[in-house]
Amino acid sequence: MHFPETRLRRLRRTPTLRRMVRETALSSADLILPLFVCPGEGIDHPIASMPGVARQSVDRLVETAREAYREGIPAVLLFGIPATKDSVGSSSWDEDGVVQVALRALTREVPELVTIADVCFCEYTDHGHCGVLAGETVDNDATVENLMRQAVSLATAGADIIAPSDMMDGRIGAVRQALDDAEFSMTPILSYAAKFSSAFYGPFRDAADSAPSFGDRRSYQMDPANRREALREADLDVVEGADILMVKPALPYLDILSQIRGRYDHPLAAYHVSGEFAMIKAAAANGWIDYDRVLMESLLSIKRAGADMILTYGARDAARLLAAGWSE
Ligand code: PBG
């Protein structure tokens, strides 16, 4: 049957009909809010390229996390801006490191909130690369050793989920083993399975002060041209024991998200990254697009493509809109 018997517009006629046939719905339970923690007290330092996002000291971060949880957001993802950096990023596994202190405070102050700790070195190394250097390149296996230390340190400080974002080979299996050996066999791993070497991370690197001082990340993060390789990355992480898979960035990589959704029954996350958020903010500030509508359409599309969880700097805005009965 086709036109004129079939008219798809019949079911689009009224808001109620459209609501009945709507296939995807966003919920605040889908959202994860990334947060940046820095040393000090009373600090709320705005990030110019990410309006509404700030680097915060632990006291202020706890308040942000508490409000986000009240607004319906179940989890936060923590990034640290450490007091000191060195060639291997050793402040990332310091038991009094910024993220460790924040994890202890969040566990005490907002116990129901799920804390996710990003595991990587670029914020902690003086050269800005995601691991131990061997000449101009990152030494995979030496970096994996340190990832194991960092993961155990973060779990000890109270991280509910460990999220390796470095893209070293073999890291998921190694981190799983390290967690199990340290009696964290119940701590899940959210793997940045397919993380692309993306220009969309630009604002994050300002926020976290983590831009590489030379070269780029193309020898460890993925080539944006590669879809089949992304599936192999996901395959390896599944075999190595990842509990949740993630694709990053989100909107430019919905094809990857959709394929991984079809291939695995694992919970799937997508990271709507800093550049994706900054573009919406910038265009909206110019009056060129409507922030609320473009944010919600972006998140809905990410969910439609297969994400169960969405990491986004717009999580609180989205949760507030949903609580106010948002529907298009
Ligand atoms: C750390 C890390 C990065 C992001 C998340 N974890 C930066 C990078 O890989 O350069 C980017 C997040 C964003 O852009 O919002 N490796």
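## The ligand and its surroundings

In this predicted model, the side chain of Lys195 places an N or O atom 2.8 Å from an oxygen atom of the ligand. Two further side chains make contacts of this kind: an N or O atom of Ser274 lies 2.7 Å from a ligand oxygen, and for Tyr313 the corresponding distance to an oxygen atom of the ligand is 2.6 Å. How much of the ligand's exposed area does the protein bury? The ligand taken alone exposes 400 Å², and the protein buries 100% of that area.

These three side chains belong to a wider group, for there are 16 residues around the ligand, and those that come nearest are Lys195, Arg205, Lys248, Ser274 and Tyr313.

## A salt bridge between two helices

Side chains of opposite charge can pair when their charged atoms come close. A search of the whole structure finds 18 salt bridges, and one of them joins the side chains of Arg66 and Glu109, with a distance of 3.5 Å from N to O. Because Arg66 lies in helix H2 (residues 58-70) while Glu109 lies in helix H3 (residues 98-109), this pair ties together parts of the protein that are 43 residues apart in sequence.

## A positive patch on the surface

Which residues form a positive patch on the surface? The patch is made up of Arg7, Arg9, Arg10 and Arg12. Of these residues, Arg12 can be placed along the chain in the segment that comes before helix H1, which covers residues 15-21.

Definitions and conventions
Residues numbered from 1 in each chain as written. Predicted model: local features only at pLDDT ≥ 70, side-chain atom pairs only at ≥ 80, totals over all residues. Heavy atoms only, no water. Patch = residues over 30% accessible without salt bridge, like charges linked within 9 Å, V, L, I, M, F, W, Y side chains within 5 Å. Areas by Shrake-Rupley, 256 points an atom, 1.4 Å probe, with all protein chains shown as cover. Salt bridge = Lys/Arg side-chain N within 4 Å of Asp/Glu carboxyl O. Lys, Arg positive; Asp, Glu negative; His and termini not counted. Charge placed at Lys NZ, Arg CZ, Asp CG, Glu CD. Helix = DSSP H or I, 4+ residues; strand = E, 2+ residues; numbered from the N terminus. Near = heavy atom within 4 Å. Polar contact = N/O pair within 3.5 Å; in protein donor to acceptor, adjacent residues only side chain to side chain.
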